[in-house]
Amino acid sequence: MFSQQPWYHGNITRSTAEDLLSKAGKDGSFLLRGSESIQGAYALCVLYQNCVYTYRILPNEDKKLSVQASEGVPIRFFSVLTDLVEAYYKENMGLITHLQYAVQKEEEPEEEPEPVSLPPQLPPRNITSNESKDSHSDSSRGTDRGTELARPSISDTYIQRLQQIDISKYNKISYHCSEDHQKSIQEYFRSSLCLDAEQVQNGNPTLPHFKKLTQSICKNLTSEIARTLPSLEALQKVLDQPLSPGAGRIRNQHSGDANQSVAFKLEQLTKLIYSVEDKTKNAVFESVGYDGGHRKSLIPPVTFEVKCDSLGISNKMYLKVDVEGGKVYFKKSKDGPEDKYFVHNKILQLVKSQKMHNRLALVVETEKEKTQRKEFPKLFPYFFVFLMLPCKREGFCQLLQQMKNKHSGKPEPDMITIFVGTWNMGNANPPQNITSWFQSKGQGKTHDDTASQIPHDIYVIGTQEDPLGEKDWIETVRGALRDITNISFKQIATQTLWSIRIVVLAKPEHENRFSHVFCDSVKTGIANALGNKGAVGVSFMFNRTSFGFVNSHLTSGSEKKLRRNQNFVSILRFLNLGDKKVNPFDITHRFTHLFWLGDLNYRVDLPAQEAENIVMKIKQQQYQDLLARDQLNIEREEEKVFLDYVEEEITFAPTYRFERDTRDRYAYTKAKATGTKYNLPSWCDRVLRKSYPMAHVVCNSYGCTNDIMTSDHSPVFATFDVGVTSQFVSKNDLSKDAQGAIKIMNCVAVLLTKSKTKFFIEYHSSCLEKFVKSPEGENQENTEGSIKVRFSGQVELTPIIADPEYLLDQHILICIKSTDCDESYGEGCVALRSAESSYTEFCIKLTHHGERTGLLTGGIQLPKSDGKQTEKLYDFIKVGDDPGAGKGKSGENTKMSSSVLATDISNPSYMGIGYKSSNQADRNPGNIMSQRTGPTSKDMTHGNLSPKKSTPSPTTKTSNPLSEDGQPPEMFDNPLYGSMSSSRGSKDHLPPPDAHFSFPKTDLDADRQHPVPTPRFRSFTCSETKPQPSSATNTMSSGLQPQNITKKPVVPSRSEGGMTGPNRPPVPMKSRPGQPQEPQPKPRDYRDSSELPSKLRQQTRQGQPKDGMTTTPQVKMGRPLK
């Protein structure tokens, strides 16, 4: 068999084959591996002059094998690989050199066989098993004494337990158990149990005597079911015409088999009751015309205690959020009347302060401000600044986001919420109540009580060592969700591999939005043949957005880190999910959003002697010291596993290994035949994710439960807000749209390979009718271990719909392939949103099968758009410096769009993607992505936010950065925070761009021909900065380095009413950043009181609300403030 040959290496990766040949170092060294591009084919890899040459071995229709060698060489066919290899030891066979030295496989360390997880055995059965062994040994000596002794031991065990119950709990038992039942139970344990045991030994496992006992006890219950079931069926018949087949089947089963178990009848009865409830709700909803949009859950009003921060003074008040009514009420007291309210469409935006996690700005539109804006469109919006607990702030934001979604009027959602949970159940049945898991309650980043009742759109639950049947577990989960949300969730998919399982449930209104559902599993147990370790996966399309979910249980043991890495690569390569048209791409690139969860089994890498110190650090919540030694974090940082995946910050205790039935003690020692084994407390259970660049995804919670203790693992939860797309309907002329094309040009790749071959690029996307190939690239340099390839010319991709608004939500998958074996040498992804306004350069990292394989740079350009983008619901919440912080740059609060800082980016860690725009005003530096990887390469403080940068929400009235005459708008001074002139020239006013967002410099930039872009600058205000001609040259040469920026002087406008110089009102004390101010003459102004000491309460002015809800005073047009 050729698989036993030393030169055959099976399904190793191309990069592994190159490493093995490089280590051999001799010309003529060779090996064979499985082909990555064609199933059933092979790849012959030959080393010559420190370069690896790859030849495909293809089977024909007769299954004869031939080598694709040099042109002009006759093709020879072979029946088996062994004959083929022997023939190519000869010279002049069409290879770069003849085969000489076979490179043998690397010997893998032998694995300790892991015990296959089985449900724990009951004590009586253990006794039976042990005693039966004795009986067999005794019977071999000609005696049956062992069998006789086994029977009374079982009976004695249970009779003794029954007597203890009778003594300690007789009073309680008497209420539920009649004397007849007690006698029947005692009689069974005395005599009938032994008879059942004998029947089992003889091959009959039905336990007839036990069945007779249960029928006797449940006699009244059976008759009650028989009396109740027909009435329920009649009710269902009224609700469902014609009678559903299920009901008739239940009746037939009940009437036809009188011996059917009581548990089965109760299960059918329960299902029938649920069916009747669902049909009744649907009938009532339909009769009243209730549809509820895409969110039908009823969320009760929630009241928040806050402090309203105005002019440096905080006043206590209450905010009542009515999600169903679509209003936010302002109240002086918790139980008092509502003083005022804002309807959902008058609430323009929420801005969460990045520096102060208890600060939140609520931007609203008042009737007065709306009227003034018609005449003076440059006015800043009206806003309130509130202080509340950080957890309450998150709950408040989630409720307002729900309110926006519910009342948006959109037929299809553009944002959904997803719950992802993983739990190693430890082969033990779950407790009766597991609702805390689905409510994200416990340790870590958890949901506040105010948001715990909000149902998620999709629930993805992964379990390991699950002892329940698939049906039982799904009903358990659905029951728990029904208790929380009063919604009967629909099952979308489930997949099970031994005791590893994944279940996907969704709200009923989403059922028709799912399509292309696929399931698969991969075994990674011993020799990749056993399913006690491995992964299960589910993928689907939600409208036009693709999702993938992988639940894995990797090899256990602190010392088996490398084996876990191999498990990950095997799952990545062989888990078959998603669109089969994108075969060159593994699951890493096939989905808009990919979530990887499970018991990954990576441990805290410390010696066993540190066990007590670890427990002490956990009690002191010093998690960071332990996370620095977490194997998964270390492996990710070294780019050995989970390349470019993102994990939310861990702020909860290790989830393994607890003593069962408690969460106060870790059981870190385990006695084995080979000695004591240490299982140090570790974060084995994890949730990671990876999304396409500039796709919206925000993590709202990541933690573990405290009250589910049946297993030695704690369940882990994570929740996400995820942006989705729907079927696009163009608003423009379709004939005009058809003329547009996506242009990609000036591509240069640096590939980490020693292969000697030619390359081309394949472009794949769901927005294209078919994939497109580029012309063959030109190999320019071949340094040690890498090669530079230039792809000259321009590639035009014709989309199905050329509307720019449609294209901005699309992505292009890029695959670089070799011409000789058609195998991929690297894949990446480019977001078309990066080229929203102009020609944009990109730089993406290339990966293949979880390994870094190179870099690709180039330029991309989309058809121009004259229309306005549709507002996304997830743009409602921003993260940045709120306009009322009082510590920011002056003028910063004049426009809400300018207050959102560089955290307003999406997926900064995805493939290290970076963009450089040639238009000064189109993008901000938030689009230049970080190249950091590993555990530090994750979202900013609040995750990935809106991908829309330069075009804020249309409701904010700031979407156009230019005035009608095409000139930048003037910067109007905010009367609250003084003149722009006071801070002009300050170093704090315009800091240089953060180094974290610098564009990655590569050796490609020197060779590639750049189109000459117009330089752009980072602006923290709404004013445009016109660069000097000299700085344009500097920008080109320095690669977007910080520039000295000269700001345009602010021209006073008539709206200031002649208030210039010292006549401007002074800045409130609390809004100053601690810098001394020159004394100013006191004008006659009502804000003189703001100069009083901060402990004195500001006196109420005429016209000011007395409830403390002081807001930013509006500028009176054409006359001084009064």
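**An eight-strand sheet and one buried valine**

In strand β11, Val-364 is the bridge partner of Ile-347. I begin with that pair, and I should say at once that the model before you is predicted.

Let me place the pair in its surroundings. Strand β10 covers residues 347–353 and strand β11 covers residues 359–364. These two strands run antiparallel and are joined by five bridges.

On one face of this arrangement we should consider a helix. Helix α12, residues 390–406, packs on the sheet. The strands it touches are β6 (302–310), β7 (313–322), β8 (327–331), β10, β11 and β36. The direction of helix α12 makes about 155° with that of β10.

Now to the sheet as a whole. How many strands does the open sheet have, and in what order? There are eight, in the order β9-β8-β7-β6-β12-β11-β10-β36, and the pairing is mixed. At the edges stand β9 (338–343) and β36 (877–880); each has a single partner strand, so one side of each is left without a neighbour in the sheet. From one strand to the next, the twist averages 35°.

I turn finally to a single residue, Val-67, which lies in strand β4, residues 65–67. Is Val-67 buried or exposed? Its relative accessibility is 6%, and because buried means under 20%, Val-67 counts as buried. Setting aside neighbours within four places in sequence, Val-67 is in contact with Tyr-55, Arg-56, Ile-57, Leu-84, Tyr-88 and Leu-95. As for Tyr-42, which is 25 residues from Val-67 along the chain, the C-alpha atoms of the two residues are separated by 9.3 Å.

Definitions and conventions. Residues are numbered from 1 along each chain as its sequence is written. This is a predicted model: local features need pLDDT of at least 70, side-chain atom pairs count only at pLDDT 80 or more; totals for chains, interfaces and linings use all residues. Side-chain values use heavy atoms; hydrogens and water are left out. Helices (H or I, at least four residues) and strands (E, at least two) are DSSP runs, numbered from the N terminus. Buried means under 20% relative accessible area, exposed over 50%, partly exposed in between (1.4 Å probe, protein chains only). Contact means heavy atoms within 4.5 Å. Two strands pair if DSSP finds at least two bridges between them. Axes are lines fitted to C-alpha atoms, for helices over the stretch in contact, and angles run from 0 to 180 degrees between N-to-C directions.
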